[in-house]
Amino acid sequence: MFIKGQTLNRKRCLVGSSKHWCINIVFLEFRLSLRANDVLESFENAVKQIPDVLECQLMADSADYILKVVSENTDNFSHVKGHFLTRLPAVALVLLSLAL
């Protein structure tokens with residue numbers, strides 16, 4: 001599990017030293033094709049390279065991992081999904097939920 005150092009307020013806006021911008025929060029459930037230690041480590045290392053991922057939680061439920069991803073808009077999320085999230089190692093299934 002890891003959480004990157006971003007701060008979210010009630011309005012789901014990122015607060016930085018000089019910037020404030022509203023964001024979309026997306027939760028993704030990943031089911032892996034195999035749950036061996038080296039596969040989990042490979043998945044986690046790949047996720048750490050994606051700057052839009054705020055949290056990565058290893059689960060003991062139907063999903064192997066849940067990721068919390070932020071995006072400025074749907075175009076940005078489509079880019080992140082197409083270039084990073086769908087290319088993560090050992091992924092068998094991805095379920096997506098958008099926070100309202």
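How many aromatic pairs does the structure hold? The structure holds two aromatic pairs, where rings of Phe, Tyr and Trp (its six-membered ring) pair if their centres lie within 6.5 Å, and where planes under 30 degrees apart count as stacked, over 60 as edge-to-face and the rest as tilted. Phe43 and Tyr65 form one of these pairs, which is stacked, with 4.5 Å from centre to centre and 25 degrees between the planes. Phe43 lies in helix H1 and Tyr65 in strand S6, so this pair ties together parts that are 22 residues apart in sequence; helices (H or I, at least four residues) and strands (E, at least two) are DSSP runs, numbered from the N terminus. Ring pairs link Phe30, Phe43 and Tyr65 into a cluster.

The model is a predicted one, in which local features need pLDDT of at least 70 and side-chain atom pairs count only at pLDDT 80 or more, while totals for chains, interfaces and linings use all residues. Residues are numbered from 1 along each chain as its sequence is written, and side-chain values use heavy atoms, with hydrogens and water left out.

Confidence is given as pLDDT, the predictor's confidence in each residue, from 0 to 100. The mean pLDDT of the chain is 83, and 78% of its residues reach 70 or more. Among the elements of the chain, H1 has the highest mean pLDDT, at 96, and strand S1 (residues 2–3) the lowest, at 46. Over residues 6–12 pLDDT stays under 50, and for this stretch the model has 18 contacts beyond four places in sequence, a contact meaning heavy atoms within 4.5 Å.

Phe43 and Tyr65 are both buried, a word that stands for under 20% relative accessible area, with exposed over 50% and partly exposed in between (1.4 Å probe, protein chains only). Both also appear in the largest nonpolar core, whose 18 residues include Phe30, Phe43, Tyr65, Leu67, Leu85 and Leu88 as those that touch the most other members; such a core is a set of buried Ala, Val, Leu, Ile, Met, Phe, Trp, Tyr and Cys residues joined through side-chain atoms within 4.5 Å. S4, H1, S5, S6 and helix H2 (74–83) are the elements that give two or more residues to this core. Not counting residues up to four places away in sequence, Phe43 touches several residues, including Leu32, Cys56, Pro89 and Val91.

Val69 lies in strand S6 and counts as buried, at 0% relative accessibility. Its C-alpha atom is separated by 6.2 Å from that of Phe27, although the two residues are 42 residues apart along the chain. Leaving aside neighbours within four places in sequence, Val69 is in contact with residues including Asn24, Val53, Phe77 and Leu85.

Charged side chains offer another set of links. The count comes to two salt bridges, each a side-chain nitrogen of Lys or Arg within 4 Å of a carboxyl oxygen of Asp or Glu. In one of them Arg35 meets Asp64, with the closest N and O atoms 2.8 Å apart. Arg35 lies in the loop between strand S4 (24–32) and helix H1 (37–47), and Asp64 in the loop between strand S5 (53–58) and strand S6 (65–71), so the pair ties together parts that are 29 residues apart in sequence. Arg35 is partly exposed, at 39% relative accessible area, whereas Asp64 is buried, at 10%. Lys68 and Glu55 form a salt bridge as well, at 3.9 Å from N to O.
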